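Work through the exercises below with the sequence and the coordinates open. Each task is followed by a solution in steps.

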Amino acid sequence: TETGFAFGGWFTESACTNEFDFATPIMKNTALYAKWTPVQYYDITITKPAHGTITSDPSGQTEAGNSVALTYNSDEGYTLGEWEVTKEEGGTVTVTDNTFTMPASNVTVSCIEKAPTYTVTTKAEHGTIDLSPSQATYEAGTEITLSYSSTTGYEAKTFTVTWDGGERTVENSFEMPAADVTVTANETPVK
């Protein structure tokens with residue numbers, strides 16, 4: 001085969017309009033003509049995410065119907081949220097297991113990144129610490145409000161927030177650093 005062309009069958013004349021029937025007995029010398037059709041290639045354009053890179057295999061261009069494998073590499077602890085593959089004329093392409101089938105259209109590949117998240121552990125010997133918002137993990141920069149309750153005669157007017165490489169005393173809120181933290185209530189007996 002010739003690069004950039006697809007074989008379209010054997011024909012009985014050079015115009016390639018009447019396809020040869022191989023079930024027909026050949027009784028004399030017969031000339032056959034190969035039909036070659038130019039292959040249409042479509043562009044794969046990658047939109048660089050803010051916190052990583054995207055690659056495709058194949059890259060650049062491919063034919064409609066080919067499988068295209070996508071890879072996301074993070075450079076800052078982010079993870080892949082979801083793929084977005086958009087056709088040039090509009091509409092989306094389904095991505096399953098990081099692979100899509102190339103449509104008969106140029107496409108743009110992008111992704112939604114998920115920021116790294118961190119945990120908050122609370123420590124209070126005579127009461128409980130409540131966090132707002134209350135969730136399992138937090139993105140760096142999230143403002144967290146702290147409240148303390150005790151049924152045994154203690155109060156906490158300040159809290160110590162510690163993480164790997166840092167410590168801060170706060171009254172009732174703090175901004176989540178890019179690390180897991182422990183919040184300790186600085187408890188004192190109520191007078």
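**Exercise 1. Cis peptide bonds before proline**

Task: Where does Pro-133 lie, and which residue does a cis peptide bond join to Pro-133? Do the same for Pro-58.

Solution.
- Step 1. Pro-133 sits in the loop that connects strand S13 (128–132) with strand S14 (138–139). This is a predicted model.
- Step 2. The residue joined to Pro-133 by the cis bond is Ser-132, and omega is about 0°.
- Step 3. For Pro-58, the location is the loop between strand S4 (52–57) and strand S5 (60–63).
- Step 4. The bond from Asp-57 to Pro-58 is cis, with omega near 5°.

**Exercise 2. Positive phi in a loop**

Task: What is phi of Asp-97, and what is phi of Asn-98? Decide whether each residue is buried, partly exposed or exposed.

Solution.
- Step 1. Phi of Asp-97 is near 50°, which is positive although the residue is not glycine.
- Step 2. Phi of Asn-98 is near 65°, again a positive value in a residue other than glycine.
- Step 3. Asp-97 belongs to the loop between strand S8 (92–93) and strand S9 (99–101), and Asn-98 is placed in the loop between S8 and S9.
- Step 4. The relative accessible area of Asp-97 is 71%, so Asp-97 is exposed, the cut-off being over 50%.
- Step 5. Asn-98 has a relative accessible area of 35% and is therefore partly exposed.

**Exercise 3. A second residue of the S8–S9 loop**

Task: How far apart are Thr-94 and Met-27 in sequence and in space? Give the location of Thr-94 as well.

Solution.
- Step 1. Thr-94 is found in the loop between S8 and S9.
- Step 2. Its relative accessibility is 62%, so Thr-94 counts as exposed.
- Step 3. Thr-94 and Met-27 are separated by 67 residues in sequence, and their C-alpha atoms are 52 Å apart.

**Exercise 4. Aromatic pairs and the nonpolar patch**

Task: How many aromatic pairs does a search of the whole structure find? Classify the pair of Phe-20 and Phe-22, then list the residues of the nonpolar surface patch.

Solution.
- Step 1. The search finds three aromatic pairs.
- Step 2. In the pair of Phe-20 and Phe-22, the ring centres are 4.8 Å apart and the planes make an angle of 90°. The pair is edge-to-face because the angle is over 60 degrees.
- Step 3. Phe-20 is buried at 12% relative accessibility, whereas Phe-22 is exposed at 57%.
- Step 4. Phe-7, Trp-10 and Trp-36 are linked by ring pairs into a cluster.
- Step 5. The patch consists of Phe-5, Phe-7, Trp-10, Phe-22, Leu-32 and Trp-36, and together they have about 570 Å² of accessible area.
- Step 6. Strand S1 (residues 5–11) supplies the largest share of the patch, three residues.
- Step 7. Trp-36 is part of strand S2 (residues 33–38). With 35% relative accessibility, Trp-36 counts as partly exposed. Patch residues need over 30%, so Trp-36 meets that cut-off.

**Exercise 5. Strand pairing around S3**

Task: In which sense, parallel or antiparallel, does strand S3 pair with S5, and how does S3 run with strand S10? Name one bridge in each case.

Solution.
- Step 1. Strand S3 (residues 41–46) and S5 are antiparallel and share four bridges.
- Step 2. One bridge to S5 joins Asp-43 with Gln-61.
- Step 3. S3 and strand S10 (residues 107–114) run parallel, with three bridges between them.
- Step 4. One bridge to S10 joins Ile-46 with Val-109.

**Exercise 6. Salt bridge and cysteines**

Task: Which side chains meet in a salt bridge? How many disulfides does a search of the whole structure find?

Solution.
- Step 1. The structure contains one salt bridge. The side chains involved are Lys-157 and Glu-155, at 3.9 Å from N to O.
- Step 2. Lys-157 is exposed at 62% relative accessible area, while Glu-155 is partly exposed at 27%.
- Step 3. A disulfide is a covalent bond between the sulfur atoms of two cysteines. The search of the whole structure finds zero disulfides.
- Step 4. Cys-16 is buried with a relative accessible area of 12%, and Cys-111 is buried at 14%.

Terms used
Residues are numbered from 1 along each chain as its sequence is written. This is a predicted model: local features need pLDDT of at least 70, side-chain atom pairs count only at pLDDT 80 or more; totals for chains, interfaces and linings use all residues. Side-chain values use heavy atoms; hydrogens and water are left out. Helices (H or I, at least four residues) and strands (E, at least two) are DSSP runs, numbered from the N terminus. Buried means under 20% relative accessible area, exposed over 50%, partly exposed in between (1.4 Å probe, protein chains only). Rings of Phe, Tyr and Trp (its six-membered ring) pair if their centres lie within 6.5 Å; planes under 30 degrees apart count as stacked, over 60 as edge-to-face and the rest as tilted. Patches are made of residues with over 30% relative accessible area and no salt bridge: like charges are joined within 9 Å, nonpolar side chains (Val, Leu, Ile, Met, Phe, Trp, Tyr) within 5 Å. Accessible areas come from the Shrake-Rupley method with a 1.4 Å probe; for residues, only the protein chains shown count as cover. A salt bridge is a side-chain nitrogen of Lys or Arg within 4 Å of a carboxyl oxygen of Asp or Glu. A disulfide is a pair of cysteine sulfur atoms within 2.5 Å. Two strands pair if DSSP finds at least two bridges between them.
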